[in-house]
Amino acid sequence: MCNLPVHVSCRSNAEYMSPSGKVPFVHVGNQVVSELGPIVQFTKAKGHSLSDGLDDVQRAEMKAYMELVNNMLLTAELYIQWCDDTTATEISRPRYSSPYSWPLNQILAYQKQWEVRRKMNAIGWAGKSLEQVYEDVSQCCQALSQRLGTQPYFFNKQPTELDALVFGHLFTILTTRLTSDELGEKIKSYSNLLAFCRRIEQSYFEDSQAGSSSRGYSKGPSLF
Amino acid sequence: MQSMDPLPMHGRDMGVHPDDMIEVQEAEQETKQEVLENKDVVVQHVNIEGLGRTKEDLLGYEISEVFHAKNLVDVMKKSHIARQKLLRLGIFKEVEVVIDTSDGADALPNGLDVTFEVTEMKRLTGSYNTMVGNNEGSMVLGVKLPNVFGRAEKLTFQFSYGTKETSYGLSFFKPQPGNFERNLALNLYKVTGQFPWSSLKETDRGVSTELNFPLWRTNHTLKWEGVWRELGCLARSASFAVREESGHTLKSALSHTMSIDNRNSAIFPKKGALLRINQELAGYTGGDASFLKEDFELQVNRRLVWDSVLSASLWGGCLLPIGGRPSSIADRFYLGGPTSVRGFGMYSIGPQSEGDYLGGEAYWAGGLHLYTPLPFRPGRAGFGDLFRTHFFLNAGNLCNLNYGEGPRAHLQRLAECIRWSYGAGIVLRLGNIARLELNYCIPMGVQSGDRICDGVQFGAGIRFL
C-alpha cells in the first residue's frame, strides 16, 4: 500500500527465522524487522507512512480498532485452528507438519498445539465453545462494518494500517479451507466488508498480472 | 587359600567362589619350597574369588589362556595378561593374583593353582561436580552402574543443569562375552552447543546405536544415529545467512569408521601411525538431511635424535549433498583455531557472511611438528615429562565445491588460497586424553574474511592437528 517494492518468499522455517518468533518479518538490507507494529515504525522512520494524514483522535481510534482486531480475530483464528479437535486433526496438524519427516512432524505439530492451547488457557478462551467464538467474530465484524459504513476505506479515502490489518485477517479467513464454511459465511453476511476485501485485492494484488511480483507465489488464493 | 574342589577333570577346571559360600578349609598346608623355575608345570586350577553379581561364563574367556602355560615364568606372564584383561572389563576395582602349588587329593607334583582375588565395583556410583565456564555455571550429576546384569554391561547417566542450558545423556554399553572389543553401545542424549564464530546455537536431541568390532588389525565402528536438531541465532546481529538456517531438521544417518592405530601413546606418541577413515550417509533411513560425508585423519610419528619426535598429520573431508537440497550449517566442516590451523581464530577460516563463519563442504589440513623435551630438561622423569616444546607448520583450506565441475576443478579450488602458519610453543599433557598448548603463531596466506590470532594463542582439547 505504500508502493514499496517487495518480494514475498515462503519458507517453512519462517517462524524460526524471525527474531521474535512471529511472522511476518521483513529483511531490508542488513536489518530484520518482525511483526506489524515494528514494521510500520520501521517504514515510518524511512519516510513512508500510511497514517500521516490522520489527526491524533483518529490515530487513537485506529489503534483501538487494531487492538480489537488483534484481540478478537487473531485469537479466534488460533482457537479455531488448534483448539477445535476436528480442525486441528484434519487441517492444522497435517499442514503444520508437512515440511518435516516422521517423527519430527508429529512432535512439532503437537508441540504447537499444546503451546496454542496453553495460551488460550492463559487468556481465558479455553472454556469457550466453537459457537461462542463464532459469535465473537461476528460481533467484531459488526463493529468493523459499522465503522466502515459506506466508505471505501476505514478513514475515508486513503488506506491506513488498519485497512491493511483488517484485509489481512478477513482475506485469510475467507480463503482458508476449514472443516466448515460457517466462519466465512459470517463474514460474507457483512456485505460492505466483503466489498472492502475485494476492492483491496483488485487494487493492490491484481495489477501486475505477469510476474506477480507483489505476490511472490505463482498461484494464490483469490476471492473471485 | 580357599578353593572349591572341582570335579576331577583334567585341564579346564574353574572354581568360582561366591561370597556367601565360603568354605573354611582346615589349613594344614605344607609350603613346598621347591624351586620351580624352568621346570615344567601344569596349571590345574584357576579360581576366581570375590564374585558377587558377575556371571562366571563371562570370565572364562579372559582367564582361559593361563591353562596353557608351560613353566613358571610363563604362568606369571599369562596371569599378568589375564589380570589386565579382567581389569579392562571395567567391573573390578582391584584384581590380585596368587600362584601357589596345588593341593588336595588330585594334586600333581608339578601342579599349580592360580587364584584371582577380585573386588567388584559397587553397584551404583554417583558423582557431582560444578563447572564454571564462559559466563555460565552448571552443575553436573553423574550416575554410573557398572556391571548391571553381571556380564560387564554398563549404564551411565549424566545430567548437566546450567544457567543457560540443560543437557543430559544416557548410555548403555554391552560387550560380547569373551570378546570385549566387540561391543554394542546405545545412547540417548540432549546436548546444547553455542558457536559464537557462527552466531549459532544448536540443540540436539538424539538416539544412537553403535557396534564396535575389530577386524584383523583394524577397528571398525558401525553406527546409526537419529538426531532432532534445532538451530537458532545466538544474537540479534546474526547474519541473514545464518538466520535462514534456523529451525528444525531431522537427521537419520548411518556411519562407518575404520581406524588403525599403532602409536605407542595417544598424546605425545614417539612412534607409530594412526589412520582413521569415516563415512556417513544420511537420508536413506528417514529424516530430511540427505548427504554423503567422507573424512579421514592420518598421523605419522618418527623418533629422531636426542629424544625429539617428528610428527606429520593430514586431515581432509568432503560433504556431498544428495537430492538437490543444500547442505545445512550443522553438517559442514570448519577450519581454524588452536586445535586445527593454529594462528587463526576458532573455526574462522573460509566462507563467511557478515562475520559469521558458515563452514565449507570440503577441506584439507596438514601439520608438521617437531616435539622436543623442555630445554635443560627440568623435572626429568617426573613433572617435566608432561611438557614438550614444539615447532610447527600448519596449512589448510576450506571451501565449497561446485559439484557440477570435475575433480580437477575441485583439486584446483582446494589448492588455491591456502592458509598456513608456523610457530613454536609449549604443550602440556593432561592425563591420557587431553593436552594444553601455548603457542606463538605467525599466520600467513590469510584471505579476506578470515579472522587471525597472531601472537600468543592458547588451546585446550583432545584432537589437535
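These are my notes on cores, strand residues, pockets and annotated spans in a predicted two-chain model.

**Ground rules**

I'm working from a predicted model, where local features need pLDDT of at least 70, side-chain atom pairs count only at pLDDT 80 or more, and totals for chains, interfaces and linings use all residues. Residues are numbered from 1 along each chain as its sequence is written, chains are lettered from A and ligands numbered from 1 in the order written, and side-chain values use heavy atoms, with hydrogens and water left out.

**Entry 1: chain A core**

I looked up the largest nonpolar core (buried Ala, Val, Leu, Ile, Met, Phe, Trp, Tyr and Cys residues joined through side-chain atoms within 4.5 Å; buried is under 20% relative accessible area, exposed over 50%, partly exposed in between, with a 1.4 Å probe and protein chains only). It has 49 residues, and A:L144, A:F154, A:L162, A:V166, A:L170 and A:F196 touch the most other members. Helices α3 (56–83), α5 (104–123), α6 (130–148), α7 (161–175), α8 (182–188) and α9 (191–205) of chain A each give two or more residues to this core. The largest share, 11 residues, comes from α3(A). For the record, helices (H or I, at least four residues) and strands (E, at least two) are DSSP runs numbered from the N terminus.

I then checked A:L162. Leaving aside neighbours within four places in sequence, A:L162 is in contact (heavy atoms within 4.5 Å) with A:M62, A:Y65, A:M66, A:F154 and A:F155. There is also a second, separate core of 25 residues, which includes B:I48, B:F92, B:V118 and B:F180.

**Entry 2: annotated spans**

UniProt, in an unreviewed entry, puts "domain: Metaxin glutathione S-transferase" at residues 138–200 of chain A. I noted that such annotations may be inferred rather than shown by experiment, that feature names are shortened, and that positions are in the numbering used here. That span is 68% helix and 0% strand, and its end C-alpha atoms lie 21 Å apart.

On chain B, the unreviewed UniProt entry places "domain: POTRA" at residues 41–121. Here I get 31% helix and 37% strand, with the end C-alpha atoms 34 Å apart.

**Entry 3: two residues on β12**

B:S255 is in strand β12 (residues 247–261) of chain B. B:S255 counts as buried because its relative accessibility is 16%. Beyond its sequence neighbours within four places, B:S255 contacts B:T221, B:L222, B:K223, B:N278, B:Q279 and B:E280.

B:M258 is in β12 too. At 19% relative accessibility, B:M258 also counts as buried. With neighbours within four places set aside, its contacts are B:T218, B:N219, B:H220, B:L275, B:R276 and B:I277. I also looked at B:M258 against B:L222: they are 36 residues apart in sequence and 9.0 Å apart in space, C-alpha to C-alpha.

**Entry 4: a pocket in chain B**

The second largest pocket has a volume of about 1,200 Å³. Its lining has 29 residues, with B:K293, B:A330, B:R332, B:Y334 and B:Y347 nearest its centre. A pocket is an open set of points on a 1 Å grid over the protein atoms alone, with protein on both sides within 12 Å along at least five of seven lines, and lining residues have an atom within 4 Å of a point. Volume is the space filled by probe spheres set on the points, which are joined across faces, edges and corners. Strands β9 (179–195), β10 (200–215), β11 (218–233), β13 (272–287) and β14 (291–303) of chain B each give two or more residues to the lining.

Note on methods:
On a 1 Å grid over the protein atoms alone, a cavity is a set of points where a 1.4 Å probe fits but cannot get out, and a pocket is an open set with protein on both sides within 12 Å along at least five of seven lines; lining residues have an atom within 4 Å of a point.
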